[in-house]
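Reader: I've got this one open at the bench and would like a close look at a single spot, then a walk outward from there. Could you take me through it in plain words?

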Amino acid sequence: MNKAGAADVLSLLFQSGYGGRAELGLIGDDDLRLKVSPDGGTWRKALRIDKDDARVWFSYGATRAETVRLTAGGDFVAPDWARLLIVTALGGGGGGGAGASGASGVRQGGGGGGGGGLSRAVWRVEDLPGHLTVTLGAGGASGATGGDTLITASGVTLLTARGGQPGASGAAGGAAGAAGSGIHGGNPGGAASAIATAETGRSLESPGSPGGGGGGGGLDAGGVARAGGPGGAGDVLACPASGGAGGVSTAGSSGSAPASSIAVAGGGGGGAGVSSGGAGGAGSGGVVVILIQG
């Protein structure tokens, strides 16, 4: 079958009771089109396939979507059908600070680690300079900063989510760790206390981001142990991932990262002790989640 020019029509007409119901072909140009009708009079365009690049347009919407959760670094190559990447990157959580120790006097627990920063981006696949290379930030060990999560393409950094800061050691006062930075920051940790229950890791400074670790429990001048603070709930607007709880004369808990969540969290501060303080809990490692739309 052939038509004389691009503006002409070359199509197959499908009828029911001699009333048109669908038309498929080169209708008014050289792209492949499909139209449908309930009565043979009113027609709606269902799809068009571009002759040059085989891209498909659905006039009334049709989307293929898949979600990939990356918990290990490496290259990510978008599938052939992908048009849009919606990317969420989180830096590693900061580690909790170690608790102080001593035979007498005030002994502070360690501060809770800060949650990693959160960054989001939306990219058209055709605009990217190449495939994506993902580097995930490691969770901070006791007293260590969480690693940065980076996404690059052809050597160009496209997105960064900074790791959370560690909680201060009890010997330095047990101050809370600061949150990692990003387009959206994380939540800071909680501070230690020797006169009351240590602070809870933060949740609401950045409600959609990772939670901070709770402060470690301290010992007051009379040797009374104070409770460690619980971890802050991470990403309270979606899936929680709590910061680690502060220890009571023991190590702080690690920040959690549930398999169903995209959030990562800071580690809890270690509790103070008489002969030795507890170590700070480790922060969770960074995560990248990519929603692929085609």
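Reader: Let's start with Ser-11: is it buried, partly exposed or exposed, and why does it count that way?

Author: Ser-11 counts as partly exposed, because its relative accessibility is 26%, and the cut-offs here are under 20% for buried and over 50% for exposed. Keep in mind that this is a predicted model.

Now for the neighborhood. Ser-11 sits in strand β1, which covers residues 9–16. Leaving aside residues up to four places away in sequence, Ser-11 touches Glu-23, Leu-24, Gly-25 and Ile-27. With Glu-23 there is a polar contact between side chains, at 2.7 Å. As for Leu-24, the residue is 13 places from Ser-11 along the chain, and the two C-alpha atoms are 5.4 Å apart.

Leu-24 also takes us to the surface. Together with Met-1, Leu-12, Phe-14 and Leu-32, Leu-24 forms a nonpolar surface patch, with about 500 Å² of accessible area in total. Leu-12 belongs to strand β1 as well. Leu-12 is partly exposed, because its relative accessible area of 42% falls between the 20% and 50% limits.

Stepping back to the whole chain, the protein has 13 strands and zero helices, so its elements read β-β-β-β-β-β-β-β-β-β-β-β-β from the N terminus on. Of the 294 residues, 42% are buried. Take the contacts between residues at least 6 apart in sequence: 58% of them join residues at least 24 apart. The exposed area comes to about 12900 Å², and carbon and sulfur atoms supply 55% of that.

What about the inside? In soluble globular proteins, nonpolar side chains tend to be buried together. Here the largest nonpolar core has 19 residues, and the ones with the most contacts inside it are Leu-85, Val-87, Trp-123, Leu-132, Ile-151, Val-288 and Ile-290. At least two residues of this core come from each of β8 (84–90), β9 (118–124), β10 (132–135), β11 (149–153), β12 (156–161) and β13 (287–293). Trp-123 is a good one to click on: beyond residues up to four places away in sequence, Trp-123 touches Arg-83, Leu-84, Leu-85, Val-87, Leu-128, Leu-132, Ile-151, Leu-158 and Leu-159.

Charged pairs come next. The structure holds 13 salt bridges. One of them joins the side chains of Asp-29 and Arg-33, at 2.4 Å from N to O. Arg-33 counts as buried, because its relative accessible area is 17%, under the 20% cut-off. Another pairs Glu-205 with Arg-202, with 3.1 Å between the closest N and O atoms. Arg-202 is partly exposed, since its relative accessible area is 26%. Then there is Asp-220 with Arg-226, a salt bridge of 3.2 Å from N to O. Asp-220 is buried in that pair, because its relative accessibility is 15%, whereas Arg-226 is partly exposed at 26%. Salt bridges also link Asp-31, Arg-48 and Asp-50 into a network.

For a second serine to set beside Ser-11, try Ser-206, found in the loop between β12 and β13. Ser-206 is buried, because its relative accessible area is 13%. A polar atom of the Ser-206 side chain lies 2.7 Å from the backbone oxygen of Gly-185. Apart from residues up to four places away in sequence, Ser-206 touches His-184, Gly-185, Gly-186 and Asn-187. So the Ser-11 side chain has a polar contact with the side chain of Glu-23, while the Ser-206 side chain is paired with a backbone oxygen.

Finally, a couple of backbone oddities. Most residues other than glycine have a negative phi. Ala-54 is not a glycine, yet has a positive phi of about 65 degrees. Ala-54 lies in the loop between β4 (44–49) and β5 (56–58), and counts as exposed because its relative accessible area is 53%. Ser-154 also has a positive phi without being a glycine, at about 50 degrees. Ser-154 is in the loop between β11 and β12, and at 55% relative accessibility Ser-154 counts as exposed too, because the cut-off is over 50%.

Technical notes
Residues numbered from 1 in each chain as written. Predicted model: local features only at pLDDT ≥ 70, side-chain atom pairs only at ≥ 80, totals over all residues. Heavy atoms only, no water. Helix = DSSP H or I, 4+ residues; strand = E, 2+ residues; numbered from the N terminus. Buried < 20%, exposed > 50% of the residue type's maximum accessible area, 1.4 Å probe, protein only. Contact = heavy atoms within 4.5 Å. Polar contact = N/O pair within 3.5 Å; in protein donor to acceptor, adjacent residues only side chain to side chain. Patch = residues over 30% accessible without salt bridge, like charges linked within 9 Å, V, L, I, M, F, W, Y side chains within 5 Å. Areas by Shrake-Rupley, 256 points an atom, 1.4 Å probe, with all protein chains shown as cover. Salt bridge = Lys/Arg side-chain N within 4 Å of Asp/Glu carboxyl O. Core = buried A, V, L, I, M, F, W, Y, C linked by side-chain atoms within 4.5 Å.
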